[in-house]
Amino acid sequence: MKIIIVGCGKIGVTLAEQLNSEHHDITLIDSDGAALQAVTDRIDVMGVTGNGAVYQVQMEAGIKEADLLIATTNSDELNMLCCLIAKKAGNCHTIARIRNPEYSAEINYIREELNLSLAINPELAAAREIARLLRFPSAIKIEPFAKGRIELLKFLIPEKSVLNNMKIMDVVSRMHSNVLICAVERGSDVMIPDGNFEMRSGDKISFLAPHAESADFFCKAGIVNNTVKTAMFVGGGKITYYLSKALADTKIKIRIIEQNEERCRELSELLPGAMIIHGDGSDQKLLLEEGIRQTEAFASLTGFDEENIMLSLYAASQSRAKLITKVNKIAFENVINSLNLGSVIYPKLVTADIILQYVRGMQNSMGSNVETLYKIVADQAEALEFRVMEDSPVVGVPLEKLPLIDHLLVACINRKGRIIMPRGKDTIEPGDTVIIVTTHTGLNDLGDIIK
């Protein structure tokens, strides 16, 4: 597919890298020629210097032949204008990054009027992910599938867990839990395990389960999953605002530490249920005074990665709180994952996953469509949810007779709201949604699971 990306900021470059790795024809537009040159020297993409909202610049980038334009600049208004011009000039699909909370209430109207294929709000998407984690603090990551009926959860096996040295095939019989373990991270390796795989403490396990079953599984595995009652957030930006709004219907008592006095006043008006503290979140004395040792959740959400990492490490040394660390740059991911930072949230990657899901859905050709996409480990393992059409080549064949590619698991079938953890005799039928977990990244269609 030919894809034009406007803006070579963090999200634009992340998207260019991921879409380029999936062999799309990418053209990047940015008014900063030097920044553009730095990207095109590193990634095999075309670069066009200019204002992406100018008709002539889009024509030079090849808008007439483009399948999709993605506008990712820091200006919501510029992004919307880029998409409007692209729709008129090239009649292609359009995706706009729209971050302003004032627009979020009107996002459906904006999408309809501008005929946008997708409107992405990275901060809102990240806030929703954090809110899910605070409702289920034992998990490192939670991703909903089948319209929330089933969840993919990731957790770390603690030292003295009953899961240590247990084979996957024994989980259902010994723990009487209806869960499916579908991926294991051990050090830098990611595996799709078979029944004989033996889990160890220190492994990061990803499993699928309905919500009630996952809570039961954690309990039987001896993993404490007490609901969070108090939370401290450092940084009063957009993510903190959206997160506090998302948690407004819970009983969680929220404290927000923000350095900018004017922003504190704004947050006091916007979030009457939260306690807003004006101060420097990196001041240890202030953190201790505000109860960092007693808080049950701590999220470092400032605009600086280094500060967020240091704050989470300090919180880990002072408390047993559920830790959440926002990281903008994806460099040194292996180092970051080795630190005790709790759940690490990358707003760029959350956004990229949503856009990749849409792009793969556009490519569907053999009777299925990508409904949900989640990268279990960046560039190493994915969980995808496909909607099955009548003409899909996998329809009606028992799973045990399907010649599936290696390192792939048919993890779940959702049939009209009924969740099926599939066995060999089960079949995939039209209208189902099917969750596939695999280390083969880049699957576009359900037919790709067959050898």
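Which residues lie nearest the centre of the second largest pocket? In this predicted model, they are Lys-10, Arg-97, Arg-99, Glu-123 and Asn-328. The lining as a whole comprises 45 residues. The volume of this second largest pocket is about 910 Å³.

By residue class, the lining holds 18 polar, 15 charged and 12 nonpolar residues. Several elements of secondary structure each supply at least two lining residues. The helices are helix 1 (10–21), helix 7 (122–135), helix 10 (238–246), helix 13 (305–318) and helix 15 (347–362). Strand 2 (25–30) and strand 13 (253–258) do so as well. Helix 13 gives the largest share, with 3 residues.

Two of these contributors, helix 1 and helix 15, also pack against each other. Their axes lie 10 Å apart and form an angle of about 45°. Helix 1 is therefore oblique to helix 15. The crossing of helix 1 past helix 15 is right-handed.

From helix 1, the contact draws on Lys-10, Ile-11, Thr-14, Leu-15, Gln-18 and Leu-19. Helix 15 contributes Lys-348, Leu-349, Thr-351, Ala-352, Ile-355, Leu-356 and Val-359. Of the residues in this contact, 8 are nonpolar, 3 polar and 2 charged. Lys-10 appears in both settings: this residue is among those nearest the centre of the second largest pocket, and it belongs to the contact of helix 1 with helix 15.

Technical notes. Residues numbered from 1 in each chain as written. Predicted model: local features only at pLDDT ≥ 70, side-chain atom pairs only at ≥ 80, totals over all residues. Heavy atoms only, no water. 1 Å grid on protein atoms, 1.4 Å probe; cavity = no way out; pocket = protein on both sides within 12 Å on 5 of 7 lines; lining within 4 Å. Points joined across faces, edges and corners; volume = space filled by probe spheres on them. Helix = DSSP H or I, 4+ residues; strand = E, 2+ residues; numbered from the N terminus. Nonpolar A, V, L, I, M, F, W, Y, C, P; charged D, E, K, R; others polar. Axes fitted to C-alpha atoms, helices over the stretch in contact; angles between N-to-C directions. Parallel < 35°, antiparallel > 145°, perpendicular 65-115°, else oblique. Left-handed = near helix turned anticlockwise from the far one by under 90°. Contact = heavy atoms within 4.5 Å.
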